[in-house]
Amino acid sequence: MLRRLDPWLLAILGVSLVLCLAHLGWGLPNGNDSWAADAMGPLTVLNVGRRQLFGWETGWFWFKYPFGYPLMLLLAYAPYLALVWLTGGLGRPAAEYPYGLSDPEGVVHVLALIGRGVNVAFVVGTVAATYAIGRELLGQRSGRLAAWFTATAYPLVYYAHTTNQDAAYLFWLTLALWGTVAGTFARHPRPLWVMGFAAGMAMATKEQGFAFLLGLPIVLVVAGYRRGDPARGRVARLWRAAWNPGTRGGAAIAIVTWLVAGNAIFNPRGFFNRLSDLSGNPVPGLSARITPVEFSLFKGFPKEWAYVTDFVDVVASTFGTPLFVVSLAGLVYLALRRPHVALCLIVPFAAYYLLSLRTHHVLTLRYTLPVVPIFAVAGAAVCVAALRHRFPGALLVVSLLAVLGLARAVELVALLRDDPRYAAEAWMEQHLPAKASVEIYQKPVYLPRLPRHDVHEVPLEERSIAGIEERQPLAIVLSSASRKTITHFWTKDWREGDGSLLTEIPAASEMLRALEGGGLPYREVARFEREPWLLRLRITSVAPTIRVFRRAP
């Protein structure tokens, strides 16, 4: 087995591992919080596990995500928590601090690192699965280059440093695509069984991937039909391609895996309540806002054009404009010269774009992560073709693309290492007295850690000029990330009114203008920022600018 491993793959996986592990403790320790937006803190994961697993058919569900990823983290936490319990560090678990732990800060810190280690494994696994897809479709050289492009895509390096479910979601979808690709060529149904398991886990991790998965049976049926015996009738060939031991087994495994990992067996009412909420049907007693998704085959040219431009912007940010252009050329090249390969890549991509990405009112970078392996393979295909035909300058261009990708990934790690929040913390430690009153108006995820100061997270309804004059904090800290949350709140039901996702509070906007314009007795005394050289960042959690305002004497 080891002899058959590609040494180039091992080297690429090693580079990926180093990039993912470098400064893995970014922003830690930080209690149950982190500097990654939407990351799952250890205490959150433990609470979700308690609500899901300790109580039969409660109907409870977590409105943010399904249970698959918290379940993976719980399994990773279990050995360490068992060790803590055996060594006397865990008594009777409790919902309140210190949660039954003798060293709650230390235990939560270790759990956060364990969770990030899980994501590191998922990201490195995605690189390996991309290599396998490229090798299966186009040969070993394409697999190597596709793996490199994936390993150095800065969003993957970033999500390895978090406990966001996006790394797991991407891995399961990529593994499902590999199972489909391998299953179209293999005589044994095992790859399709792997596809079924990965598809079930992807749905239990983030249901947004349903459209990507819908494209995989189309690939299997078309490929199976083309390989079928021409002596058979068309209907018989089509039926054989759609319903055979591999597809039957894969479908059964996918359904069982989704139900088990989604906790539908133990809590079926909660499972279906979540699906009802995602489809836009309010669940009685749920206080969370309705998910802003809208299914439509065509939303008008202006909206469709906005989706296209947003998609191009975030994917070009992911790879860098040169590699993005090469990847687009690769998709065209495959469609013209290798249509059977293009089928395996373009069908799931098109299904995902049309039925999933376009349903969201805001298209963010993390929503586009499933297309990373597809574009990486397409880019590798055209690069290898250019090298094979010895086009002038091809080797230089491909080398520059590879080096640029690595440089961008290294810069992402440098931005994490030198995050402006570290400098802001050190400055405030030195220039503000202990227990100084500090006001913040954004989530702690976007701000420095301030354990020595008396930090007040002011509710939105209390953000006003009069409120500041009454409270008179010594300092106010602002972040460039999620700036609108200073003055706006998320609309509970985006379908009401003008369909806006955010609603402005005029008093808060007036306060912010007065603060920044000198209309309040506060002056900006420090600013901490870090501008990237190569990256066009589309992840708000990375290197936000921090500004500190202090009350004038």
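Two strands are taken to pair if DSSP finds at least two bridges between them. In this predicted model, strand β3 (residues 475-479) meets that condition with strand β7 (residues 546-551), the two running in the antiparallel sense over 5 bridges. Within this pairing, Ile-476 stands opposite Phe-549 of β7.

The β3-β7 pair belongs to an open sheet of 5 strands, arranged in the order β2-β1-β3-β7-β6 with mixed pairing. The edges of the sheet are occupied by β2 (454-457) and β6 (522-528); each has a single partner strand, and therefore one side of each is left without a neighbour in the sheet. On average, and with direction ignored, neighbouring strands of the sheet are turned by 25 degrees against each other.

Two helices that pack on the sheet were examined. Helix α18 (residues 420-431) touches β1 (437-440), β3, β6 and β7, and its direction makes about 130 degrees with that of β6. Helix α20 (residues 506-517) likewise packs on the sheet through β3, β6 and β7, its direction making about 105 degrees with that of β3. Strands β3, β6 and β7 are thus contacted by α18 and by α20.

Elsewhere in the chain, the surroundings of one loop residue were considered. Gln-208 is located in the loop between α8 (190-205) and α9 (210-227). Because its relative accessibility is 10%, Gln-208 counts as buried, the limit for this class being under 20%. With residues up to four places away in sequence not counted, Gln-208 is in contact with Tyr-169, Tyr-352, Ser-356, Leu-357, His-360 and Tyr-367.

Methods:
Residues numbered from 1 in each chain as written. Predicted model: local features only at pLDDT ≥ 70, side-chain atom pairs only at ≥ 80, totals over all residues. Heavy atoms only, no water. Helix = DSSP H or I, 4+ residues; strand = E, 2+ residues; numbered from the N terminus. Buried < 20%, exposed > 50% of the residue type's maximum accessible area, 1.4 Å probe, protein only. Contact = heavy atoms within 4.5 Å. Axes fitted to C-alpha atoms, helices over the stretch in contact; angles between N-to-C directions.
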